[in-house]
Amino acid sequence: MKAVVVEAPHEVAYREVAAPAVGADDVLVESREAGLCRTDIEMITGVFTDPRWVRFPVIPGHEWAGTVIEVGANVESVRVGDRVVCEGFIVCNRCRPCRRGETQWCERIEALGFTRPGGYAQLVAVPERVVHRLPEHVSFDAGVLAEPAPVAPRGLEKARPEPGQTVAVIGVGTLGALAIALLRLQSPSRIVAYGVREEELELAQRLGATEVVLSGDGIPTEAELDLVVETAGVPAAVELATQLCRPGGRALLLGIAGETHTLTLPSDLLVGKDMTLIGSIAYPAATWSRVVGLLAEGVLDLDRIVTHRFPMSDFEDAVRLMDDRRGIVAKIVLEHATG
């Protein structure tokens with residue numbers, strides 16, 4: 001079978017690899033689509049090499065969907081031919097964080113696409129417990145987004161948006177687009193999207209933003225908002241989030257800037273403005289399952305977030321597009337050739 005393999009930083013190729021073994025509790029999935037994530041590029045370029053999370057050589061692809069082609073002897077929840085999506089984290093369910101329901105902090109965590117082969121391979125073997133059936137009416141595009149999507153509701157659970165409140169989203173990449181789609185379900189009175197390109201603001205409006213603002217145009221005088229969701233992952237976006245919040249408001253930080261970036265805020269900002277600054281990263285398994293449920297119920301439409309697609313063999317072109325930011329880039333999907 002073929003796969004994109006990152007042998008080491010700056011050493012990546014689309015080549016033949018051995019098909020995975022299938023244990024009694026495993027499901028063998030033929031990957032149909034996989035999303036390109038900024039983290040995948042950081043593994044390729046050597047920015048993200050933390051040995052706790054990355055084991056080279058690695059086959060990326062933590063955002064993916066496909067079809068079951070083989071099941072182990074003990075598997076009962078899915079069968080050959082089922083369309084499925086798979087959780088990104090494989091956890092022990094026994095350690096203290098897992099018992100608290102915080103599976104994203106599992107002490108023995110494995111991650112598809114990081115420590116185990118992911119969806120950039122044509123065939124992926126995964127434990128049955130992380131496999132979820134994808135109804136026929138849900139596209140593979142939406143299935144790909146089922147992995148990053150839980151990051152947003154996990155943060156929103158902590159930020160507690162209420163119907164009728166005014167909200168904003170800063171940055172309309174994949175995470176910002178997901179946040180807008182999910183905030184719509186909370187019935188806010190306004191959703192204001194802040195972006196750096198006209199194209200992404202057009203996407204924000206298609207997803208449900210009621211107002212859009214091009215970053216750099218200043219802060220409207222009526223901008224005091226109940227909740228601001230920052231997804232851009234740059235210090236300037238965090239500063240903007242604190243400025244947009246009304247007194248007593250909440251700023252939810254979902255973007256990751258990296259350790260080389262620093263942020264400076266007035267020491268009395270949170271106290272003087274009586275505001276709450278909330279950080280959130282990743283998600284527990286329970287939140288992942290809720291997102292799959294929303295997709296199955298048809299109340300969450302993620303198809304429009306996919307803006308570009310490439311054959312898996314052309315992954316280098318997809319990487320260049322994400323880096324160059326030509327036009328709009330919300331989610332890039334890589335597709336495997338099928339027989």
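## The end of α9

Helix α9 is followed by G298, whose phi is positive, near 80°. Helices here are DSSP runs of H or I of at least four residues, and strands are E runs of at least two, numbered from the N terminus. This is a predicted model, in which local features need pLDDT of at least 70, side-chain atom pairs count only at pLDDT 80 or more, and totals for chains, interfaces and linings use all residues. Residues are numbered from 1 along each chain as its sequence is written, and side-chain values use heavy atoms, leaving out hydrogens and water.

## The buried side of α9

Let's turn to the helix itself. In α9, the buried residues (under 20% relative accessible area, 1.4 Å probe, protein chains only) are T287, W288, V291, V292 and L295. They cover an arc of only 145° around the axis, so they sit on the same side of α9; the arc is taken from the directions from the helix axis to the C-beta atoms. Their packing partners are β5 (83-86), β9 (131-133), α3 (140-145) and α4 (151-159), with contact meaning heavy atoms within 4.5 Å.

## Helix α10

Helix α10 (residues 315-324) has F315, A318, V319, L321 and M322 buried. These cover an arc of only 160° around the axis, which puts them on the same side of α10. Among the elements covering them are β1 (2-8), β16 (306-311) and β17 (331-335).

## Just before α9

I281 lies in the loop between β15 (276-279) and α9 (285-297). I281 is partly exposed, with a relative accessible area of 45%; partly exposed covers the range between buried and exposed, the latter being over 50%.
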